[in-house]
Each structure stands twice: as structure tokens, then as C-alpha cells.
Amino acid sequence: MKIGKNAITVLERRYLIKDENGEVVETVDELFDRVAGAIAGADSLYNTDADRQALAEEFRELMTSLEFLPNSPTLMNAGRPLGQLSACFVLPVEDSMEAIFEAIKQAALIHKSGGGTGFSFSRLRASGSTVKTTGGVASGPVSFMRVFNMATEAVKQGGTRRGANMGILRVDHPDILAFIDCKKNNADITNFNISVGITEEFMEAAIAGRDYALYDPRTRQEVGRLNAKEVFDRIVDGAWRNGEPGIIFLDRLNRDNVVPGQGQIESTNPCGEQPLLPYESCNLGSINLVTVLRRMDDGSFVIDYDKLGRIVKLAVHFLDNVIDVNKYPLEIIDKTTKATRKIGLGVMGWADMLLRMGIPYNSEAAVELAGRVMGFITETGRQESRELARARGSFPLFAESIYADGEPLRNATVTTIAPTGTLSILAGCSSGVEPVFAFAYIRNVMDGTEMIEVNPVLKEVLTERGLYSDELMKKVIEAGSLQHIDEIPDDIKRVFVCSHDISPLYHVKMQAAFQQHTDNAVSKTVNFTHDATREDVAEVYLQAYRLGCKGVTIYRDGSRDSQVLNIGHVK
Ligand code: ADP
């Protein structure tokens with residue numbers, strides 16, 4: 001097995017089965033056997049002669065070779081009594097006391113099982129509106145978000161993960177200004193990422209400097225007007241201050257809504273990559289791109305598309321099985337999820353792959369390759385989904401879907417790009433489609449000693465050239481980048497660029513390139529240096545809009561009190 005030391009530590013702490021005294025009672029081998037066996041089991045639902053043993057072996061090999069890993073809940077819970085396997089859920093929040101507290105209860109059940117929840121609060125009446133039964137005054141979406149937040153805090157997810165939420169409010173809700181400012185204080189509403197749900201009408205008004213209308217969510221009557229540019233600037237100001245709020249483009253999410261007859265998509269999961277209908281869930285999985293590189297005789301690396309194709313097909317089969325094996329936290333989620341059978345196959349190790357191929361992340365060549373690789377994955381994934389549809393039937397709502405005129409599909413969506421916060425540690429590669437954050441850093445080991453961690457590709461390249469030394473790495477750590485270190489040759493500097501060496505524009509271009517070939521959305525944080533201005537942030541929001549992204553999350557270095565490495569998402 002190729003699993004590294006850091007990965008074993010993470011597995012022991014959070015994934016391996018423990019007894020009631022907290023002692024680990026499962027080995028890493030047993031974990032992968034457990035997951036592979038449970039997921040292969042679904043094949044017998046469709047074919048009583050299925051060779052489950054052989055399939056389980058293929059799934060096990062797929063994971064232990066680190067070519068593909070399913071999202072954390074699947075690794076933690078498959079083949080165990082809890083059995084909840086999805087990372088992503090969206091719950092509706094209706095405008096009544098019963099419905100609000102019902103949603104809190106539902107979220108608690110999901111958090112307990114390791115999933116993350118997204119909500120739109122746009123249907124809640126504005127603060128100050130009247131409450132018919134009591135004659136009192138409603139407190140509005142933001143005050144209810146605090147209740148959701150407290151509930152999340154209390155359910156510590158059985159000691160594995162703290163819950164994570166996405167909170168969305170439409171830009172035309174009367175409480176929008178309070179929402180934009182609700183995380184101004186870093187200590188507030190900490191279990192939520194928030195995003196303003198933006199419409200294209202709003203964006204056009206902001207660009208033109210026009211007013212736009214606010215609507216009462218209950219009556220749809222216009223109740224006020226704001227200047228779109230001022231609201232846009234306020235969003236930008238918040239993001240510049242501490243990364244919140246992000247924005248999502250609601251019209252774009254709904255343009256890709258596969259079954260519009262089932263209602264509107266109003267929210268995504270916590271990290272933004274998975275738009276879902278109310279009560280839908282989705283399971284994700286990621287291919288480690290480093291494993292599909294082939295070394296040529298001259299030492300260069302090329303992508304082995306045959307191998308990538310085989311991995312994609314087996315991964316789609318795996319994720320489709322997860323839907324059947326999954327034990328859903330609510331009956332209605334079971335039903336809604338199985339009606340569309342969405343899966344989210346994505347990638348990790350993208351930056352490491354570029355390093356090996358000698359292509360700078362901030363280059364047109366990289367942007368072009370992103371489109372080619374992701375286009376191949378989505379196309380091959382769909383082919384497999386069609387084959388599964390032939391054997392198992394299309395997803396039940398296929399006939400009313402936007403694909404109804406084409407060949408049947410087993411899954412309404414096939415691809416999603418997740419952050420892979422934990423998966424990339426297990427696989428020992430760069431996370432998702434993000435650039436490398438730092439090529440070398442100091443890790444504090446538990447016994448108080450410090451260890452230098454170096455990006456494996458950089459270490460290999462420098463060692464091959466006889467340049468590697470701990471001294472040099474200390475310089476890299478101090479400088480935070482390779483760009484101004486004299487001992488490092490220019491050709492290495494050109495390729496080994498980290499997050500802060502890459503202009504925000506290239507971050508957005510890369511996100512857009514992946515988005516163009518992804519059914520769902522792309523998790524990506526656009527990193528800014530500390531001295532970036534509000535205008536820089538505004539420019540990136542506009543670029544993301546122009547380039548067809550479904551949303552944007554930004555982070556300006558040092559703008560939160562406690563900064564974790566992978567700042568873009570909650571852990
Ligand atoms: P992993 O690498 O653990 O599989 P990701 O970092 O790729 O997970 O995150 C994917 C999705 O999993 C997130 O968008 C969110 O929906 C869910 N998720 C991540 N972290 C948490 C958490 N602490 N609690 C609940 N859900 C989470």
C-alpha cells in the first residue's frame with residue numbers, strides 16, 4: 001500500500017474503527033476491505049450473478065493505489081451500522097417556526113453522520129415583519145442562522161468532524177445588508193460559510209450603477225430599492241476584510257439544473273462545489289491525477305489517458321453503488337437523492353501533476369490542459385453513466401430532465417471538484433485543483449520537535465540536480481516562495497510557483513477552465529496577498545462573472561485572526 005506516514009496518522013485519529021475505550025480496533029487494510037466490500041455489494045441488486053468478490057478487489061485496489069478515494073463519510077461509515085456515506089446535503093428552510101426548527105433537527109442528524117449541509121434562508125420573512133399568530137415582530141434570517149450555528153456547535157459529529165454549513169441569502173432579500181455584514185466579526189457564526197445568491201440582473205445593475213429591487217419573500221411585492229453598485233462594494237469589502245461573504249450565481253446554478261420541473265436550486269453544500277435541490281444529497285470522490293502520469297525514457301511525464309479512462313469508469317461505478325448502499329438520515333433524502341442519482345467525481349493533485357509535467361500553473365498551457373483533462377473525465381464519466389443506465393436503468397426523473405432527448409443516463413450529474421481537504425492528505429498530493437500553498441513548511445510534531453516538510457516533487461527535482469539541502473529549504477520556508485532565492489535555477493522557479501506567486505486572475509482562469517467541463521461546480525479559493533486592495537477583489541468577482549464561474553471565494557492573506565493552511569473550507 002502506498003499510504004504515507006501523515007495519512008496513517010489521520011486515518012488512526014478519525015477513520016479507523018475504535019472501541020468504546022477509544023482504542024483503534026481496525027487496521028488500514030481492514031478499512032479498505034470494509035469499504036470496498038460494502039460498496040461492491042450493491043452490484044447484486046442488479047445482477048444476482050455478479051462477482052462481488054472480484055469487484056470488491058478492484059475497488060480495493062483503486063483506493064489503496066491512491067488512484068481514487070471516495071469522500072470522507074464513505075471511508076468512515078461504509079460497512080458500519082451508521083452507514084451514512086455522503087458529504088453534501090441541502091435542506092429547505094420554510095418560513096414558519098415549525099419548519100425552521102425541523103430544519104435544525106434535520107441538520108443535526110446529518111452533522112452527526114459526517115455530512116455537511118447547505119441552506120438558503122431566502123424564504124424567511126424579513127426582520128421587522130409581523131408575525132400573525134403572536135402579533136410580534138419577526139427576527140429575520142440572520143438571527144435564525146445563529147440558532148443553526150449554535151446547534152451545529154453542540155453536535156460535535158460523534159467526535160469526528162465539527163459540522164459545516166453553507167448559508168445563502170438572495171441579493172434581493174430585504175435583509176441582505178445585515179446578511180452581508182453578519183460575519184464581520186470573525187468569532188460570529190463560525191460554523192457557516194456564507195454566500196450572497198446573486199442574479200445576473202443584479203450583476204448587470206451593479207456594472208451599470210443602477211438600482212435594483214428588494215422583494216418581500218412571502219408576497220413577492222417590491223418593498224424597497226438599493227443601489228446595486230453599493231451593495232456589490234459592500235460584499236467586496238466584507239470579502240476583502242476576512243473572506244466572507246462569497247458569492248454564487250444563482251441563475252447559472254439553475255441553468256444547469258437537470259430537472260427544472262422539480263424546483264429551483266437555491267443552495268450548495270458547505271464548500272460551494274455541489275449545487276443541490278432541497279433534500280438532495282450527493283456523494284463525491286476524487287481521482288489523484290499524479291497517479292496517471294507516465295514517465296518517458298527522456299525523463300519527461302505524459303498523461304496516460306487509457307489509465308485515466310479506466311479509473312474514471314470504475315470510479316463512476318463505485319459512486320453509483322454508493323447511492324444504493326447509503327443509509328440516508330431521512331426518508332425524504334433517500335427518495336430525493338435516488339430520483340436524480342447525482343454523483344460528483346473530481347480530481348486532486350492537479351498542481352502536483354503540472355509540476356511533474358513542467359507546466360507553470362499560471363500559464364495558458366496549464367489552463368488549456370485543465371480543459372482537456374476535465375473534458376475527458378466528464379465525457380468518459382458520462383459514457384460509463386450511460387452504460388450503467390443500459391444495465392440498471394436511467395435515473396428515475398430522466399424522462400423529465402434536460403437530457404430526455406438523448407441517450408439514457410444513470411446519473412443526473414457526474415462531475416464535481418471538491419476541496420479534498422482530508423483526501424489529499426491521505427493521497428499525499430496537492431488538494432483539489434488548488435496550486436501548492438507552500439513548497440516547504442515546518443510541521444510541529446506531537447513530542448514538541450519540528451520537522452521540515454517539503455513538497456515531494458520539488459524535493460525530487462532538486463535532489464536530481466544535486467541542489468537539495470535542509471539549509472536551502474529553510475530559506476524557502478522563510479521566504480514563503482522560491483522566486484527570490486538565488487540558488488534556485490530559473491527554469492525551476494518558472495514552474496514551481498505557489499499560491500501567492502500566481503496572480504488572482506490566473507486563479508480565476510483556472511477555476512473557469514475546470515468549471516467549463518464540470519457538471520456541478522468547482523471548489524476554489526482565489527488567494528490574494530495581504531496588500532491587495534478592494535479594487536483587486538472587485539476585479540476578480542467581475543472576472544469570475546465574465547468567465548462563467550458559478551461562484552467565487554476569495555481570501556486575502558492574514559485577514560483572519562487564526563489562519564489555517566487550507567483556508568478556503570471548513571474542517
Ligand atoms: P474530504 O477530503 O474530507 O472528503 P472535502 O474537503 O473534499 O472532504 O469536502 C467536501 C465536502 O464535504 C464539503 O463541501 C462539505 O460538504 C463536506 N465537509 C467537509 N468538511 C466537513 C465537516 N467538517 N463537516 C461536515 N461536512 C464537511
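In this predicted model, Pro 245 is located in the loop that connects α9 and β8. The peptide bond leading from Glu 244 into Pro 245 is cis, its omega being near 0 degrees. The two elements that flank this loop, α9 (228-242) and β8 (246-249), are both among those against which the buried residues of α8 pack.

Helix α8 spans residues 200-208, and its buried residues are Phe 202, Met 203, Ala 205 and Ala 206. Viewed down the helix axis, these buried residues fall within an arc of 165 degrees, so they line one face of α8. The spacing follows from helix geometry: an α-helix has 3.6 residues a turn, so residues three or four places apart point the same way. Besides α9 and β8, the buried residues of α8 pack against β5 (192-198), β6 (211-215) and α20 (534-546). The helix is followed by Gly 209, which has a positive phi, near 75 degrees.

Positive phi values also occur in residues that are not glycine. Ile 189 is not a glycine, yet its phi is positive, at about 45 degrees. This residue lies in the loop between α7 (176-181) and β5, and β5 is one of the elements packed against the buried residues of α8. Ile 189 counts as buried because its relative accessibility is 4%, under the 20% limit. Tyr 279, likewise a residue other than glycine, has a positive phi near 70 degrees. Its position is in the loop between β10 (275-276) and β11 (281-288). With a relative accessible area of 19%, Tyr 279 is also buried, since the limit for that class is under 20%.

Tyr 279 is one of the residues touched by Thr 337. Thr 337 belongs to helix α12, which covers residues 331-340, and is buried at a relative accessible area of 3%. Within the helix, the side chain of Thr 337 reaches the backbone oxygen of Ile 333 at 2.7 Å. When residues up to four places away in sequence are not counted, Thr 337 touches Glu 280, Ser 281, Tyr 328 and Lys 342 in addition to Tyr 279.

The ligand is surrounded by 25 residues, of which Ser 72, Arg 162, Asn 269, Thr 420 and Gly 421 are the closest. By class, this shell comprises nine nonpolar, twelve polar and four charged residues. Polar backbone atoms approach the ligand at several positions. An oxygen atom of the ligand is 2.9 Å from a polar backbone atom of Thr 422, and an oxygen atom of the ligand is 3.0 Å from one of Ala 87. A nitrogen atom of the ligand is 3.3 Å from a polar backbone atom of Gly 116. The ligand taken alone exposes 550 Å², and the protein buries 100% of that area.

Arg 443 is part of strand β15, residues 440-444. Its relative accessible area is 29%, and it is therefore classed as partly exposed, a class that lies between 20% and 50%. Arg 443 and Glu 453 are ten residues apart along the chain, and their C-alpha atoms are separated by 6.6 Å. Glu 453 is also among the contacts of Arg 443 when neighbours within four places in sequence are left aside; the others are Asn 6, Thr 449, Glu 450 and Met 451.

Methods
Residues are numbered from 1 along each chain as its sequence is written. This is a predicted model: local features need pLDDT of at least 70, side-chain atom pairs count only at pLDDT 80 or more; totals for chains, interfaces and linings use all residues. Side-chain values use heavy atoms; hydrogens and water are left out. Buried means under 20% relative accessible area, exposed over 50%, partly exposed in between (1.4 Å probe, protein chains only). Helices (H or I, at least four residues) and strands (E, at least two) are DSSP runs, numbered from the N terminus. The arc is that of the directions from the helix axis to the C-beta atoms. Contact means heavy atoms within 4.5 Å. A residue is near a molecule or strand if one of its heavy atoms lies within 4 Å of it. A polar contact is a pair of N or O atoms within 3.5 Å; within protein, one must be able to donate a hydrogen and the other to accept it, and residues adjacent in sequence count only if both atoms are side-chain atoms. Accessible areas come from the Shrake-Rupley method with a 1.4 Å probe; for residues, only the protein chains shown count as cover. Ala, Val, Leu, Ile, Met, Phe, Trp, Tyr, Cys and Pro count as nonpolar, Asp, Glu, Lys and Arg as charged, and the others, Gly among them, as polar.
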